[in-house]
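Let's take a friendly walk through a protein together. Keep the sequence and the 3D view at hand, and look up each place as we come to it.

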Amino acid sequence: MNLELTPERENMKAYIYENTGPAADVLTLREMVMPAPGAGEVRVRLKWSGVNPSDVKTRSGHIPSTIPFPRIPHSDGAGLVDMIGDGVDDFKPGDAVWVWNAAWNRSNGTAAEFVVLPSEQVEHMPDGLALENGACLGIPAMTACHAVATDGGVRGQIVLVAGGAGAVGHYAIQAAKFCGARIVIATVSSEEKEALARRAGADFVFNYKTDTLVDEINKVTDHRGVDRIIEVDLAANIQTDVAIMKEGGLAVIYGSSQKEIALPFSPSIGRNICYRFFIVYKLSRSDRQRALLVLQDMLKDKNVLHNIAKKVSFANLVEAHELVESGALPGNVVLRIE
C-alpha cells in the first residue's frame with residue numbers, strides 16, 4: 001500500500017513545453033494531473049529545481065530528443081518524500097532527498113511541484129545540507145566527481161580545471177583536492193571568477209583572456225605538462241590543452257561550444273594523449289556509484305562550497321533559462337518552488 005504524507009490532490013502545477021524554441025515562446029505553467037508512485041517508485045514534493053545548460057539546450061532544440069511532447073523540463077531537484085510505492089524500503093514520507101536524471105529519457109522533470117521517480121534515482125540529503133544545494137548535485141557535482149574519479153583518479157596528479165568558477169568546475173576543484181591531487185590549476189575569465197576558484201581550493205588560477213596560458217602553466221609544471229584536464233569547452237581550448245598536456249596525459253571532456261571539432265591528431269598521438277568523453281546522464285551503474293561515493297564522502301566533511309549564483313522564483317522560470325543560456329552567471333541557477 002502507498003504511504004503518503006501530503007493529502008492527495010487531483011492536480012499540480014508544472015511547466016511544460018510542447019515544442020522546442022526560445023524559453024519565452026514555449027514554456028508555460030499548467031495544471032497537470034498529480035502523479036502517483038507505482039511499485040518501486042517515490043514521489044517527491046519538490047522545493048528546488050536545478051536549471052542546467054543541458055536543460056536549456058534540450059528545450060531550445062540544440063540537444064535532439066525523441067521524448068514525446070509535452071515535456072516537463074529539468075533533471076535535478078530536491079525536496080521531501082511525500083509518498084512511496086510498494087516495495088520501497090529506503091525512504092519514508094518526510095525524508096529530505098535530492099533526485100537525478102528526472103528528465104532524461106522521461107517526459108516529467110523537476111520544473112513542477114511534484115515528481116515521481118524510481119527509488120534508485122532518489123538520494124538522501126546529508127544532514128545539515130540546505131535543500132537548495134541538493135538541486136545542484138545530480139549534474140554539476142556528479143559530473144565533477146566522475147571527471148576526478150575516472151581512470152584511476154587524481155591522487156598525486158597535476159590537474160587543470162577549465163572554467164574553475166563554473167557550476168561543474170567549482171565542484172571539480174574541490175573534488176580534485178579532496179581526492180589527493182598534488183596541484184590543482186584553474187582557468188577563469190575575470191577577477192570575480194578567480195576569487196571563486198581560489199576559495200574552492202585551486203593552487204594556481206589563470207585568466208585565459210589576459211594570461212599567456214601555455215607559458216604560465218608550463219612554468220607551474222616545470223614543462224612536464226599536466227596529468228589531467230577537466231574540460232568544459234573542448235572546441236575553445238583544444239589547442240591549449242594539447243600544448244600543456246604531459247605525455248600519456250588524460251583530457252576528461254564534458255562540454256564543447258561547438259558540435260564539430262578539428263582534433264590535432266599528430267601531436268595527440270605523438271604524446272599518447274587520451275581523450276575521455278562522457279555525459280553524466282549516461283554513466284554506467286559502476287561509474288555512477290564510484291562518483292556518488294566520492295560526493296558522499298566530500299559532503300560528510302561538511303566543507304564543500306556550493307556555488308549558487310542565482311535563486312529564481314517558480315513564476316520566473318523563463319528568466320532562469322535565459323540566465324543559463326546567456327552564460328553570464330558563474331555558478332548554478334536554481335528554481336525555488338513555492
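Leaving aside neighbours within four places in sequence, Ser54 is in contact (heavy atoms within 4.5 Å) with Ile63, Ile139 and Tyr281. This is a predicted model, in which local features need pLDDT of at least 70 and side-chain atom pairs count only at pLDDT 80 or more, while totals for chains, interfaces and linings use all residues. Residues are numbered from 1 along each chain as its sequence is written, and side-chain values use heavy atoms, with hydrogens and water left out.

**Two helices**

Ser54 sits in helix α2. Helices (H or I, at least four residues) and strands (E, at least two) are DSSP runs, numbered from the N terminus. With a relative accessible area of 15%, Ser54 is buried. Buried means under 20% relative accessible area, exposed over 50%, and partly exposed in between, with a 1.4 Å probe and protein chains only. The buried residues of α2 are Ser54, Asp55, Val56, Thr58 and Arg59. Their packing partners are α1, β4, α4 (137–149) and α11. After α2 comes Gly61, which has a positive phi near 95°.

Now look at helix α11, residues 317–326, where Leu317, Ala320, His321 and Val324 are the buried residues. Why do they lie on the same side of α11? They cover an arc of only 95° around the axis, taken from the directions from the helix axis to the C-beta atoms. A general rule helps here: an α-helix has 3.6 residues a turn, so residues three or four places apart point the same way. The cover over the buried residues of α11 includes β2 (11–16), α1 (23–26), β4 (41–51), α2 (53–60), β15 (308–313) and β16 (332–336). Gly327 follows α11, and its phi is positive too, near 70°.

**Backbone surprises**

Most residues other than glycine have a negative phi, and most peptide bonds are trans. Where does this chain have a cis bond? The peptide bond from Phe69 to Pro70 is cis, with omega near -5°. Pro70 belongs to the loop between α2 and β5 (76–84).

Two residues in another loop have a positive phi without being glycine. Asp222 lies in the loop between α7 (213–220) and β12 (226–231), and His223 is also placed in the loop between α7 and β12. Here are their values:

| Residue | Phi | Relative accessibility |
|---|---|---|
| Asp222 | near 55° | 52%, exposed |
| His223 | near 65° | 63%, exposed |

**Cysteines**

A disulfide is a covalent bond between the sulfur atoms of two cysteines. How many disulfides does the model have? With a disulfide taken as a pair of cysteine sulfur atoms within 2.5 Å, the count is zero. For Cys136, the closest cysteine sulfur is in Cys145, 13 Å away, which is too far for a bond. Cys179 is in no disulfide either, as the nearest cysteine sulfur, that of Cys145, is 7.0 Å away. Is Cys136 buried or exposed? Cys136 counts as buried at 1% relative accessibility, and Cys179 is buried at 19%.

**A pocket**

A pocket is found on a 1 Å grid over the protein atoms alone: it is an open set of points with protein on both sides within 12 Å along at least five of seven lines, and its lining residues have an atom within 4 Å of a point. The second largest pocket holds about 320 Å³ of space, a volume filled by probe spheres set on the points. Its lining has 21 residues, and Thr58, Ser65, Ala103, Trp104 and Asn105 lie nearest the centre. By class, ten residues of the lining are nonpolar, seven polar and four charged.

**Two more residues to find**

Ala200 lies in helix α6, residues 191–200, and is buried at 9% relative accessible area. Not counting residues up to four places away in sequence, Ala200 touches His170, Ile173, Gln174 and Leu305. The C-alpha atoms of Ala200 and Arg276 are 24 Å apart, with these positions 76 residues apart along the chain.

Glu338 is found in the segment after β16 and is exposed, with a relative accessible area of 63%. Setting aside neighbours within four places in sequence, its contacts are Glu113, Ser313 and Phe314. From C-alpha to C-alpha, Glu338 and Phe204 are 41 Å apart in space, and they are 134 residues apart in sequence.

Terms used. On a 1 Å grid over the protein atoms alone, a cavity is a set of points where a 1.4 Å probe fits but cannot get out, and a pocket is an open set with protein on both sides within 12 Å along at least five of seven lines; lining residues have an atom within 4 Å of a point. Ala, Val, Leu, Ile, Met, Phe, Trp, Tyr, Cys and Pro count as nonpolar, Asp, Glu, Lys and Arg as charged, and the others, Gly among them, as polar.
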